[in-house]
2 protein chains.
Amino acid sequence: MTASPFERLQERLAEVDDLAKAATLLLWDQRVMMPPAGALARAEALATVSRLAQDRFTDDEVGRLLEELRGLEESSDEDSFEASVIRVTRRQYEKATRVPSELVGETRRAAALGLSAWNQAKEQSDFSQLRPHLEELLELRRRYVECFAPPDQTYHLLLDDYEPHMKTAEVRQIFAELKHELVPLIAEIREAGDVDDSFLHGAFDPAVQRALALEILTAFGYSAEEWRLDETPHPFMTSPGTGDIRLTTNFRAHDITSLFATMHEFGHGVYEWGVDRSFARTPLASGVSLGLHESQSRTWENLVGRSRPFWRWFYPRVQKAFAAQLGDVGEEAFYRAVNRVHPSLIRIDADEVTYNLHIILRFELEQGLIEGRLAVADLPDAWNARMNEYFGLDVPDDARGVLQDMHWAGGSLGYFPTYALGNVMSVQIWRRALEDLGDLDERFERGEFADLREWLRSHLYVLGAKLTPQETVERVTGSRIDAKPYVGYLREKLAPQVA
Amino acid sequence: MTASPFERLQERLAEVDDLAKAATLLLWDQRVMMPPAGALARAEALATVSRLAQDRFTDDEVGRLLEELRGLEESSDEDSFEASVIRVTRRQYEKATRVPSELVGETRRAAALGLSAWNQAKEQSDFSQLRPHLEELLELRRRYVECFAPPDQTYHLLLDDYEPHMKTAEVRQIFAELKHELVPLIAEIREAGDVDDSFLHGAFDPAVQRALALEILTAFGYSAEEWRLDETPHPFMTSPGTGDIRLTTNFRAHDITSLFATMHEFGHGVYEWGVDRSFARTPLASGVSLGLHESQSRTWENLVGRSRPFWRWFYPRVQKAFAAQLGDVGEEAFYRAVNRVHPSLIRIDADEVTYNLHIILRFELEQGLIEGRLAVADLPDAWNARMNEYFGLDVPDDARGVLQDMHWAGGSLGYFPTYALGNVMSVQIWRRALEDLGDLDERFERGEFADLREWLRSHLYVLGAKLTPQETVERVTGSRIDAKPYVGYLREKLAPQVA
């Protein structure tokens, strides 16, 4: 019996996915386990496995099979496994085969050089060292865009790599709404005076933090059968195979805030964990976009992990584990401290509210760069002017300004918006879940999170990458992406602080 | 500039090696880190990566390049990098392309089924469950051999997979010598009465054992820059890349003997560590055979790790760390206990001396099976008869007899001899090192092992797989493989116990 075209496509996709999973493990191991001297050999193995995955996917045979399968796709229900696999594969194939492999190679090299220049530029707070690399990367990104489309869609095409089918105009509108609300809100908060969170910093034994984190994760749905939790300087989540979800976090001896980073990574992990397992070894088998991924990390970090009922459940345990440090701190004071809003220079240290403005600032600047309205040389000044306008802060040096993030230096332009889009979508989805589940406060106060997790799994996670991000949001919530619920949530939450 | 045929060969070999390294990491992770539920996805990723490595290596292009390179090989010094890469690649290519991929596939499946039948057969001590699988595997191994050569070389061809170029006749002669010495020696030891080693068993904190093991390994040459030490039920060593050597061991709470397993794995690791790094990503870049590998694990475990001067250095530390358990035990009593010779049923628990007879017994039986002189049905009786003849022991059940090892059930016939050949070669190489270095006792007593390690590195490890195993032994020692030094070593060491 010969295999059908769809079976042959599946076989090829499975092979590509197996290679991608091997690359995922090579990377995880490099960041978590590998002895440092293994770096050179690892870089080579990773390059080979990634290149083979790319070669096997962009092979003409895949194009021929996709042509043969037009009939099957059109005659199948759009929601069926077959139609979905063909549709998603076609979209990825068309995108991947448009770009000459020399440009891919040149961009990878420029990004590697850019990142290493950025390291030193940041250390020395000297933007001029990064400048030529950024200029080259911008040029390469423009050449990338030219492989596809008319020049008015430049930014959109970069964004599309991270948030497929999301339109720049739509993002602009969402961010305009956010900005309209946030700039005055932040000014109000500045005037209202600060919240004390000094007790979150001090001596906190990392081993005790780990035990507490595992207690939270286990209540959320973590088990040693399917998950790992390791420690790295920069927390991340990755999944080198179905049934194998790996979180990392960074328990620091001098503060207790990495509990939130751990819950954040759980959100990424549980999205991957919940994808329909019959999608395994196809392009459907992962979360659909960075924005939707971020919506789930923010759900578990902020909507759950910074909520009052969560801390009603968990604060007594934290207080008991760290009696010396927190014995005198009441639940309300702790709750307010972990929700403190405070304008600051650094994105990754930012709170739930100001974080979005950090993103909007980057979104505006990178559009200027891409569209040629802003020269790389003028980037530091433009950065500093906006920091003053939005946050009321003066940037003391470029290390704490335009050089703080690695994204642009690594060629990732169009990536930042996904962070704030995630915040926006998180509340849309959350509101919809509450409509079905009713108020969750009592359940959270008892440490019960299964109802929320199962709702998210069966409505969102299970879809994987079958639909586009916008279709996914619409399928789950009944409406397009919309900033209003998020703005409402922030206002309600911040009312006590600005009152 | 177009690449030369040799450069093209190197590029292909590098790609194959990168894939092999990825597979190595997938396996290491599976045994050491992976959450259990990841098993199915991992099996698929591993199968794909291994198959691609095989496909890329057996590709016709490699054959064409090897043909083109005959001239270069013949005109280059045999010892040169180019000639060595071509020679070793040709040998592996010719072997790999002779066997139809259906036979490879059938054998893999039969081995997987054999191993799972063995698990249950051993648990229930019921040989009949394994019997049909062994019969099928024997048939498949015969078909494998038929791909190559006249039937009188059957066993040799299987052995050749593990110990390239080693002749069965030569192994027979070496083992005959060993057996001639060992059978009476073991009888003498039985009569001489037993040595007390009861104090090696008791409560030993695994964390303290780990600290002691790392102290030993560090003195041997281990560093966190290039090595890892993890824990698994069955200790092993693997290297997923140059500069990345991974040992595992099993610190048990009820005895202290896994210090020896740790030194054993170090010996495997330091061999890989010491291979000429300019061989990276070629078939030269690993230890040359299982036998020579075992010679080095045995060197560090037995010739170093069970020696008097080693324990003169290290016993005071062990005694201090475990004062409650070993406070009353003198250095000489400890030394004798860790060198106790005692005939027993189980190979993996056997001491330095009787271990070889366990191997000889298996070597004799597997030759019988392969050559059709012994039916699978008669294997248990043949096993038990030899256990009685060689060790004076009655086998109470097949679980502790013919079913104890997994090798045959997994299709590994011709593998066992490498263990005893390793012992034999270890002493040949050791004697040669002492000729250059002089007596090492005083250095060991001070915890100094660098001279030995550097001698082994620069004479043996550095060669990698450039020469055949026999050529390697001759290059290092000046003579062919020879049992006499090993027999002499055992006699000398055991003199006190049989006196």
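## A three-stranded sheet in chain A

In this predicted model, chain A contains an open sheet of three strands, arranged in the order 1-3-2 with mixed pairing. Strands of a sheet pair through backbone hydrogen bonds, and the pairing may be parallel or antiparallel. Strand 1 (227-231) and strand 2 (237-241) of chain A are the edge strands; each has a single partner strand, so one side of each has no neighbour in the sheet. On average, neighbouring strands of this sheet are turned by 25° against each other, direction ignored.

Five bridges join strand 1 of chain A to strand 3 (residues 244-249) of chain A, and this pair runs in the parallel sense. Within strand 3 of chain A, the residue opposite W227(A) is I245(A). Helix 1 (residues 5-32) of chain A packs on the sheet and touches strand 1, strand 2 and strand 3 of chain A. The direction of helix 1 makes about 135° with that of strand 2 of chain A.

## Salt bridges around helix 3

Over all chains, the count of salt bridges comes to 110. One of them is formed by the side chains of R8(A) and E68(A), with a distance of 3.9 Å from N to O. R8(A) belongs to helix 1 of chain A and E68(A) to helix 3 (residues 60-68) of chain A, so this salt bridge ties together parts that are 60 residues apart in sequence. R8(A) has a relative accessible area of 32% and is therefore partly exposed. E68(A) is also partly exposed, at 49%.

Another salt bridge joins R64(A) and E61(A), whose closest N and O atoms are 3.1 Å apart. Both residues lie in helix 3 of chain A, with a spacing of three residues, about one turn of the helix. R64(A) counts as partly exposed because its relative accessibility is 48%, and E61(A) is partly exposed with a relative accessible area of 21%.

## A buried salt bridge

A further salt bridge links D405(A) with R362(A), and here the closest N and O atoms are 2.7 Å apart. The two residues come from distant parts of the chain, 43 residues apart. D405(A) sits in the loop between helix 17 (379-391) and helix 18 (417-437) of chain A, while R362(A) is in helix 16 (residues 354-370) of chain A.

Are these two partners buried or exposed? A residue counts as buried when its relative accessible area is under 20%. D405(A) has a relative accessibility of 11%, so D405(A) counts as buried. R362(A), at 0%, therefore counts as buried as well.

Salt bridges can also share partners. In this way R8(A), E61(A), R64(A) and E68(A) are joined into one network.

## How the two chains are related

Two copies of a chain are related by a rotation about an axis and a shift along it. For this model, a turn of 180° with a shift of 0.0 Å along the axis lays chain B on chain A, with an RMSD of 0.0 Å. The two copies are thus related as by a two-fold rotation axis. The same surface serves both copies, since 100% of the contact residues of chain B recur in chain A.

Which residue of chain B comes closest to the rotation axis? That residue is A22(B), whose C-alpha lies at 3.4 Å from the axis.

Notes. Residues are numbered from 1 along each chain as its sequence is written. Chains are lettered from A and ligands numbered from 1 in the order in which they are written. This is a predicted model: local features need pLDDT of at least 70, side-chain atom pairs count only at pLDDT 80 or more; totals for chains, interfaces and linings use all residues. Side-chain values use heavy atoms; hydrogens and water are left out. Copies are superposed by least squares on the C-alpha atoms of residues with pLDDT of at least 70 in both. Contact means heavy atoms within 4.5 Å. Two strands pair if DSSP finds at least two bridges between them. Helices (H or I, at least four residues) and strands (E, at least two) are DSSP runs, numbered from the N terminus. Axes are lines fitted to C-alpha atoms, for helices over the stretch in contact, and angles run from 0 to 180 degrees between N-to-C directions. A salt bridge is a side-chain nitrogen of Lys or Arg within 4 Å of a carboxyl oxygen of Asp or Glu. Buried means under 20% relative accessible area, exposed over 50%, partly exposed in between (1.4 Å probe, protein chains only).
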